[in-house]
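Reader: Hi, could you walk me through this one? I'd like to go bit by bit.

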Amino acid sequence: MYNIFKFLKEQWTNRRLIFGLAIYDLKAQYANHYLGVFWNILQPAMQVLLYYIVFGLGLRGDRGDVGELPFIIHLITGVFPWLFLSSAVNSTSGAIQGQLSLVTKMKFPSSTLISVSLVNSVINLMMTTAIVTFISLINGYSSPLHYLGLLYFIFASIVLTSGIGLIMSSLVILIRDMKNVLQNVVRMFFFVTPIFWSLNEANEIMHVISSFNPFAYLVMNYRNAMVLEEAPLYGDTADHIYFWAVTLFIFYVGVHVHYRFRDKLVDYL
Amino acid sequence: MGYKVKVENVSKVYDLNRNKLSKLISLFTFGYFYKEKSFYALRDIDFEVQAGDSVGIIGLNGSGKSTLSDMLAEVIQPTDGTIDIKGKSSLIAINAGLNQDLTGEENIRMKCLMHGMTSSEIDGKYQDILEFSELGDEYIKQPIKSYSSGMRSRLGFAIAIHTDPDVLIVDEALSVGDSTFSDKCMDRMIDFQKQGKTIFFVSHSSGQMEKMCNKAVWVQYGEMKQFGDAMPIIEDYNEFINQYKMLTKDEQLQYKEKMMAKQKKKSKRSKNKKEKAPLTSLIPGVILFLFALAGIYIQIGSL
């Protein structure tokens with residue numbers, strides 16, 4: 001428990017450093033690109049286009065809308081939060097390894113590197129969400145109060161992904177293979193999460209899988225907040241309890257593994 | 001006047017179990033179900049340094065100099081004892097702690113950011129760092145991996161002294177630069193001394209140390225052999241080295257093995273303090289685990 005407070009305090013006291021590094025990362029990432037930060041929108045847009053052709057025009061064919069929503073809207077409200085989640089998981093997991101040569105030679109709270117990656121992912125999410133908000137406002141998909149659900153989505157996502165990131169960032173240094181394993185697992189989750197398919201039309205088995213998939217819970221929350229008419233939060237009481245029970249446990253394990261690992265980093269190399 | 005750096009009964013234990021699986025087990029079970037094969041890299045180091053002192057750390061290869069300097073830089077934590085440093089410390093090592101894939105410029109910015117500077121502060125210092133490192137505008141845009149070792153250490157040194165540390169730890173970093181550059185570094189370090197900053201100087205050559213240091217620590221196979229004014233210790237050390245050199249190759253090896261065996265034996269004798277997390281700290285974890293199980297149960301029930 002003490003470690004969790006220590007972790008949160010560390011993020012708070014280093015907040016200036018975190019934002020500084022995140023902004024620097026963003027600048028450096030596209031420093032020599034003509035289109036610069038615009039890639040952060042272009043890349044997801046191209047991905048959506050591809051999925052639309054394959055899953056929308058190809059697989060779905062004439063079936064068209066998902067409930068009241070055009071398929072393309074259903075797709076972007078799944079792909080954008082998913083890209084945020086997957087990039088958050090992947091980048092936090094590699095965060096410490098990427099700066100290993102610096103971290104092992106200076107006094108630096110390496111837990112903040114996790115936050116830097118998260119801040120970066122959130123900035124990207126903001127850009128893509130701006131598009132979704134724009135479309136949603138024009139078509140009047142969701143009522144303005146529902147947009148508050150976005151904050152819940154971000155908060156819940158950060159707790160879950162930082163938990164996963166804290167565990168994986170230590171693990172990938174110990175076992176290099178874990179990075180490949182993780183990437184493949186993340187790719188699998190893309191297909192079992194209701195991103196390009198819809199829960200309402202899916203087989204009963206997919207419902208069962210989704211109810212145990214925290215990413216499905218998150219993506220559906222994003223969709224509810226941004227474009228659906230229903231309640232701002234997705235899921236029943238059992239869904240909420242399940243998500244938070246699992247997420248808090250992962251977070252707890254992550255923080256402890258991180259601190260144990262960090263104090264003896266050199267031993268584990 | 002108070003101390004600047006106080007090292008109290010510091011020991012560092014490394015785990016000789018290099019097996020990945022056992023490390024994994026140790027990581028995830030918080031130290032339970034795991035037997036450590038401990039090795040004391042350093043044992044009961046104890047000294048105190050005032051502001052403005054320059055301390056040389058000398059010793060043979062593998063005697064624990066770099067472990068000590070890493071601990072002084074607060075990069076690694078001592079297993080036992082405490083190190084109290086008043087102010088910020090900065091470590092300069094041969095490989096300099098630079099990111100090989102980034103360019104020189106990116107490394108400067110990255111490292112300064114990590115030291116907590118704002119980007120406007122970095123803009124102000126960037127030119128100074130570039131000039132001091134003598135790399136020129138061309139090379140600074142190249143990735144570090146294409147640099148020579150001299151260039152790397154120049155850049156590392158330039159960055160480190162511009163982060164305005166209170167305690168500077170130089171780990172053999174000057175041995176790769178040419179003499180004009182190391183002279184420049186010496187000048188800068190003499191400035192630091194005048195400003196009352198503390199410098200640790202790790203080396204196994206005694207020449208530079210005689211020039212720079214007024215105090216010295218002699219580490220021998222994990223133990224502190226001597227600490228005090230520099231000159232007598234460096235003389236003793238030189239004498240020891242000369243004697244050591246007089247031995248034949250075989251005798252040298254024998255001596256080393258004998259000392260290592262002694263170090264290992266002592267490690268074995270010492271009480272094996274296990275690195276366990278206390279049981280009470282695991283209680284919230286157990287509660288959360290039960291909570292997670294309950295969540296899964298509820299979810300199954302709701303299907």
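Author: Happy to, and here is a short chat about confidence, a helix pair and one residue. This is a predicted model, where local features need pLDDT of at least 70, side-chain atom pairs count only at pLDDT 80 or more, and totals for chains, interfaces and linings use all residues. Residues are numbered from 1 along each chain as its sequence is written, while chains are lettered from A and ligands numbered from 1 in the order in which they are written.

Reader: What is the mean pLDDT of chain A?

Author: For chain A the mean is 87, and 99% of its residues reach 70 or more; pLDDT is the predictor's confidence in each residue, from 0 to 100.

Reader: And which element of chain A has the lowest mean pLDDT?

Author: That is helix α12 (residues 265–268) of chain A, at 68, while helix α7 (residues 148–174) of chain A has the highest, 93. Helices here are DSSP runs (H or I, at least four residues), numbered from the N terminus. Where pLDDT is low, the predicted coordinates should not be read in detail.

Reader: Good to know. At what angle do α2(A) and α6(A) pack?

Author: About 55°, with their axes 9 Å apart. They are therefore oblique to each other (neither under 35 degrees, over 145, nor 65 to 115). Axes are lines fitted to C-alpha atoms over the stretch in contact, and angles run from 0 to 180 degrees between N-to-C directions.

Reader: Switching chains, where is B:Asp236 found?

Author: B:Asp236 is in helix α9 (residues 230–246) of chain B.

Reader: How far is its C-alpha atom from that of B:Ser38?

Author: The two are separated by 31 Å, and the residues are 198 apart along the chain.

Notes: Helix = DSSP H or I, 4+ residues; strand = E, 2+ residues; numbered from the N terminus.
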